[in-house]
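Me: I would like to go through this model and ask, for each label applied to it, what the label rests on. Please set the values against the cut-offs as we go.

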There are 2 protein chains.
Amino acid sequence: MRPEFRCDCPFTSALDVLGDKWMLVIVKQMLIEGKETFKDFTESDEAIATNILSTKLKLLEELGVIMKTKRPNNKKTNLYLLTDKGLALTPLLVELAVWSDKYLRDIHPTIVNGEEMELLRSDKMAFASAIEKKYKEKLATIQYMQ
Amino acid sequence: MRPEFRCDCPFTSALDVLGDKWMLVIVKQMLIEGKETFKDFTESDEAIATNILSTKLKLLEELGVIMKTKRPNNKKTNLYLLTDKGLALTPLLVELAVWSDKYLRDIHPTIVNGEEMELLRSDKMAFASAIEKKYKEKLATIQYMQ
DNA sequence: TTTTTTACTTTTGTTTCGCAAGCAAAAATA
DNA sequence: TATTTTTGCTTGCGAAACAAAAGTAAAAAA
């Protein structure tokens with residue numbers, strides 16, 4: 001796997017890999033919404049098509065952003081879990097949300113605005129740490145093939 | 001202009017607007033590489049096609065991320081400058097570079113690795129502040145139609 | 001006055017996206 | 001045990017986005 005990088009710029013190279021409509025949305029669904037199975041993703045608000053989901057999950061796995069595994073007692077359902085490389089995208093996702101919160105409300109007034117946005121506004125690093133910690137605890141708790 | 005948002009999630013909404021191959025690359029070229037004119041962009045490492053460049057510049061302007069203006073003594077050449085909304089993308093760009101630096105080198109070894117990466121690694125917020133400050137100083141210095 | 005530069009648009013592919021349908025294996029149910 | 005449902009895909013096809021090449025028109029430079 002070599003996603004054909006445009007040049008040697010670190011900014012651009014990240015976008016060569018993540019810069020599309022779906023890659024970071026899938027990571028967000030795993031990190032924030034706890035989605036783990038193919039089914040989980042298809043039932044999302046964002047309504048991703050199954051062929052695209054399939055393609056992107058493969059890409060994310062090849063990149064090492066997610067791992068594909070199973071629960072010990074289920075041979076059918078695949079479990080998709082974030083790796084360290086995937087979890088390291090948390091600060092990036094947080095910056096996306098911070099920018100949306102500040103600058104997108106004028107053209108998209110229905111962006112969610114609940115209590116959970118308070119911590120994001122007052123201390124984005126604490127917000128990032130909290131969701132990272134939560135995900136790591138989950139990884140330590142659930143059973144899956146390693 | 002209403003870029004058809006998939007849902008009310010702040011993460012996803014940012015990606016509805018910025019999640020493609022070019023939007024953030026153009027912002028980066030302005031912020032980091034000082035590109036200001038159509039010509040400047042066409043001469044980039046990333047080699048954007050002129051039709052796409054034209055479309056994306058329009059989109060960025062409609063979004064309020066950039067402004068299109070001219071120098072007082074030149075009726076031909078357009079000047080593209082970042083607005084506050086565009087400058088506010090600095091922390092996001094910095095996170096992209098931080099992640100590339102840490103996690104993309106194994107599959108893309110020629111990513112630039114000069115002295116400027118040191119500050120990024122040791123203090124990313126200082127790095128972000130430095131480039132934001134530099135851009136603001138430039139805005140205060142150059143002449144353009146307001 | 002002619003040439004060059006700048007900022008595009010147009011044309012014509014090609015690739016990616018995305019809906020709908022289909023399918024096979026595993027799991028759940030009767 | 002047999003049948004139905006669930007899960008995780010793949011396939012086919014139309015639509016949209018992307019991209020290379022060429023063309024254009026106005027301004028600036030020579």
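**Labels and their grounds**

Reply: A starting point is K28(B), which has its place in helix α2 of chain B, residues 23-31; please keep in mind throughout that the model is predicted.

Me: Why is K28(B) called buried?

Reply: The relative accessibility of K28(B) is 1%, and buried means under 20%, so K28(B) counts as buried.

Me: What makes C9(A) and E46(B) contacts of K28(B)?

Reply: Contact means heavy atoms within 4.5 Å, and with neighbours within four places in sequence left aside, K28(B) is in contact with C9(A), F11(A) and T12(A) of one chain and with E33(B), E46(B) and L93(B) of the other.

Me: How many residues of chain A and chain B are in contact, and what area is buried between them?

Reply: On the side of chain A, 54 residues are in contact with 54 residues of chain B. The area buried between chain A and chain B is about 4700 Å², and 72% of this comes from carbon and sulfur atoms. In chain A the residues that lose the most area to chain B are R6(A), F11(A) and W99(A), which together make up 17% of what that side buries.

Me: How do you know that zero salt bridges cross the interface of chain A and chain B, and what is the count of residue pairs in polar contact?

Reply: A salt bridge needs a side-chain nitrogen of Lys or Arg within 4 Å of a carboxyl oxygen of Asp or Glu, and across this interface the rule finds zero. The count of residue pairs in polar contact between chain A and chain B, both residues at pLDDT 80 or more, is 22.

Me: Which elements of chain A supply the side that touches chain B?

Reply: At least two residues each come from α1 (10-18), α2 (23-31), α5 (84-87), α6 (90-103) and α8 (124-141) of chain A. The element that gives the most is α6(A), with ten residues. By class, this side of chain A has 35 nonpolar, six polar and 13 charged residues.

Me: What makes the side chains of N51(B) and T77(A) polar contacts of DNA strand D?

Reply: The cut-off for a pair of N or O atoms is 3.5 Å. For N51(B), a polar side-chain atom lies 2.6 Å from a base nitrogen of DNA strand D, whereas for T77(A) the distance is 3.5 Å, to a sugar or linking oxygen of that strand. In K39(A), a side-chain N or O atom is 2.6 Å from a phosphate oxygen of DNA strand D.

Me: Which residues come nearest to DNA strand D, and which part of the strand do the atoms within 4 Å of the protein belong to?

Reply: Of 23 residues around DNA strand D, the nearest are K76(A), Y80(A), W22(B), N51(B) and K75(B). Sugar or phosphate holds 63% of the strand atoms within 4 Å of the protein, and the rest belong to bases. The surface near DNA strand D has five nonpolar, nine polar and nine charged residues.

Me: How do you know that W22(A), K58(B) and K68(B) make polar contacts with DNA strand C?

Reply: With the cut-off again at 3.5 Å, the distance to a phosphate oxygen of DNA strand C is 2.6 Å from a side-chain N or O atom of W22(A), 3.1 Å from a polar side-chain atom of K58(B), and 3.3 Å from one of K68(B).

Technical notes:
Residues numbered from 1 in each chain as written. Chains lettered and ligands numbered in written order. Predicted model: local features only at pLDDT ≥ 70, side-chain atom pairs only at ≥ 80, totals over all residues. Heavy atoms only, no water. Buried area = accessible area lost by both parts, 1.4 Å probe. Polar contact = N/O pair within 3.5 Å; in protein donor to acceptor, adjacent residues only side chain to side chain. Helix = DSSP H or I, 4+ residues; strand = E, 2+ residues; numbered from the N terminus. Nonpolar A, V, L, I, M, F, W, Y, C, P; charged D, E, K, R; others polar. Near = heavy atom within 4 Å. Buried < 20%, exposed > 50% of the residue type's maximum accessible area, 1.4 Å probe, protein only.
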